[in-house]
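Me: I would like a close look at one part of this model, followed by whatever in the rest of the assembly helps to place it. Please keep it plain.

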Amino acid sequence: MKLKKNIAVSDSGFIFDPNSGDSFSMNPVGTEIVNLLKQEKDSDKIHDAMTKKYDVPPDEFNKYYLDFIQTLKQFNLMENDD
Amino acid sequence: MNKLKVTIAVTGLNNTDNPGPGVPVIRSLRESEAFDLRIIGLAYETLEPGIYMHNIVDKVYQVPYPSEGSGDLIKRLKYIQEREKIDVLIPNFDAELYTFMKSSARLHEMGIKTFLPTITQLEERHKSELPAFGKKYGVNVPKSKPVLKHSDIGKIRDDFEFPVMVKGKFYDAYYAFNEEQIHMHFNKISAKWGLPVIIQEFIKGTEVNVVALGDGKGNTIGAVPMRKQYITDKGKAWGGITLDNKEMLDLTHKIIGSTNWRGGMELELIKTSKNELYVIEINPRIPAWVYLAVSAGQNIPEALVKLALGEEVKPFDKYQIGRMFVRYSYDLMVDLKDFEKLSTTGEL
């Protein structure tokens, strides 16, 4: 599962898709996850990093994480499924 | 660097909510480091805002509408030429292009150069000819049918599903969700722009555009894709952003390469959810949003003038992606004396 290569992500959580011209704003946690995706971290690594850093039960994180990935897919920001 | 002294005449000074490309074309030329410019504005109406922008135009002449016959227009241009020594003329209205193309030899005799598409190029990309264009050059186009009279409207029933687009041959486009609405739009459009009125299949997707320049030998000198971010009720871009879209650029190169397109061009495209591109219109001139391309690194009007002057122009190979524009309206204060002078003498 990879973020499209040409997607630009700023420190402030602003995403720009230069292919479609669409732009989106994320909250700090979303920005953190997208930055991990940009570094090509897989789901397990993202899961580990986020549950270690934040006080969140793994199952609950997983639910929100999958929702978030689904949203990124819906907005055509992800490469096709691996 | 020695700047080349050139006098350029430009039409389309109607910088209104349905903006002509004249003012942005001049703004682009004014930024050129290659030219020492004198700009002659050619206006059809006395309230075209560009007339009163004294930092944009050096002198303005009122000219007769091409619909009044090319003879009157040429006579007027001769008068202007005796005073101004115009080097290059850039027409910016679809409706005047045919007249200027037909008159290009006479303009050339007068010393006025143009860089326009050929009559064949102009005619084969007409909205009513779009299906044949798509077939000939292998590009996706919506199904279209020209309609000349009310009784033809009933005949499209089997060919189209509602909604359809009802379009004028030069400008204007409306959705129609039933036959009654087609009749209504037919009346409105035909009264304004004449016949035929075009019924076009509605393609669902995002509208994207490309401003481009062809050298007439099949080469694309410049091309910048853009997505309209804010569209007015007249369908005009009030905000837009440059895109990094290879498919749009490939399509532009394909069209310019296969038609040997000469001059400025605006491709109006629909990108469907399956990422297919449909050509819905090819405008045979520079669009009003051209300054976005200039600001992104491709001064297309400057390149067009160089081509008109017979200079060799290297194709642009890059532009800034994610460059945006947002239009605004502004109340320009006008001295009554200026209005009076233009109204009575036809010059300012």
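What share of the 82 residues in chain A do buried residues make up?

Reply: This is a predicted model, and the answer for chain A is 13% of its 82 residues. A residue is called buried here if 20 or more other C-beta atoms lie within 10 Å of its own.

The overall dimensions of chain A can be set beside that figure. A compact globule of 82 residues would have a radius of gyration near 12 Å, and chain A, at 12 Å, agrees with this. Its C-alpha trace spans about 35 × 30 × 20 Å along the principal axes. Of the contacts in chain A with a separation of 6 or more, 47% are between residues 24 or more positions apart.

The secondary structure of chain A consists of three strands and three helices. Read from the N terminus, the order is β-β-β-α-α-α. Within the helical part, the loop between α1 (28-38) and α2 (43-53) of chain A holds Glu40(A). Glu40(A) is not a glycine, yet its phi is positive, at about 65°. Most residues other than glycine have a negative phi. Glu40(A) has 11 other C-beta atoms within 10 Å and is therefore exposed.

Chain A also meets chain B: six residues of chain A are in contact with eight residues of chain B. The chain A side of this interface has four polar residues, two nonpolar ones and no charged residues. One place to follow the contact from the other side is Ile241(B), which lies in strand β11 (residues 237-242) of chain B. Gly21(A) is among the residues that Ile241(B) touches. Leaving out residues up to four places away in sequence, Ile241(B) also touches Met226(B), Arg227(B), Gln229(B), Gly322(B), Arg323(B) and Met324(B). Ile241(B) counts as buried because 23 other C-beta atoms lie within 10 Å. Its C-alpha atom is 8.0 Å from that of Ile321(B), although the two are 80 residues apart in sequence.

The domain assignment divides chain B into domain 1 (4-114 + 331-345), domain 2 (144-201) and domain 3 (204-326). Taken over C-alpha atoms, the centres of domain 2 and domain 3 of chain B are 27 Å apart.

Domain 1 can be approached through strand β1 (residues 4-10) of chain B, which is mostly covered, with five of its seven residues buried. On one pairing, β1(B) runs parallel to strand β2 (residues 35-43) of chain B, joined by seven bridges. Ile8(B) faces Ile39(B) of β2(B) in this pairing. The connection from β1(B) to β2(B) goes through helix α1 (residues 22-30) of chain B, and this β-α-β crossover is right-handed. A further parallel pairing, over three bridges, links β1(B) with strand β4 (residues 88-90) of chain B. There, Val10(B) stands opposite Ile90(B). In the loop between α2 (70-84) and β4 of chain B sits Lys85(B). Lys85(B) is another residue that has a positive phi, about 50°, without being a glycine. Its 14 C-beta neighbours inside 10 Å make Lys85(B) partly exposed.

For domain 2, Lys145(B) is a useful reference; this residue is in strand β5 (residues 144-147) of chain B. Lys145(B) is partly exposed, since it has 19 C-beta neighbours inside 10 Å, and the threshold for a buried residue is 20. Beyond residues up to four places away in sequence, Lys145(B) touches Ile156(B), Asp159(B) and Ile199(B). Between the C-alpha atoms of Lys145(B) and Val211(B), which are 66 residues apart along the chain, the separation is 26 Å.

Two cis peptide bonds remain to be noted. Phe162(B) is joined to Pro163(B) by a cis bond with omega of about 0°, and Pro163(B) lies in the loop between α7 (150-153) and β6 (164-167) of chain B. Leu195(B) and Pro196(B) are likewise joined by a cis bond, omega being about 0°. Pro196(B) falls in the loop between α8 (179-193) and β8 (197-201) of chain B. Most peptide bonds are trans.

Note on methods. Residues are numbered from 1 along each chain as its sequence is written. Chains are lettered from A and ligands numbered from 1 in the order in which they are written. This is a predicted model: local features need pLDDT of at least 70, side-chain atom pairs count only at pLDDT 80 or more; totals for chains, interfaces and linings use all residues. Helices (H or I, at least four residues) and strands (E, at least two) are DSSP runs, numbered from the N terminus. The radius of gyration is taken over C-alpha atoms; the globule rule is 2.2 Å times the number of residues to the power 0.38. A residue is buried if 20 or more other C-beta atoms lie within 10 Å of its own, exposed if 12 or fewer, and partly exposed in between; C-beta atoms are placed from the backbone. Two residues are in contact if their C-beta atoms, placed from the backbone, lie within 7 Å. Ala, Val, Leu, Ile, Met, Phe, Trp, Tyr, Cys and Pro count as nonpolar, Asp, Glu, Lys and Arg as charged, and the others, Gly among them, as polar. Two strands pair if DSSP finds at least two bridges between them. A crossover is right-handed if, with the strands pointing away from the viewer, the path from the first strand over the helix to the second runs clockwise. Domain bounds come from an automatic or database domain assignment.
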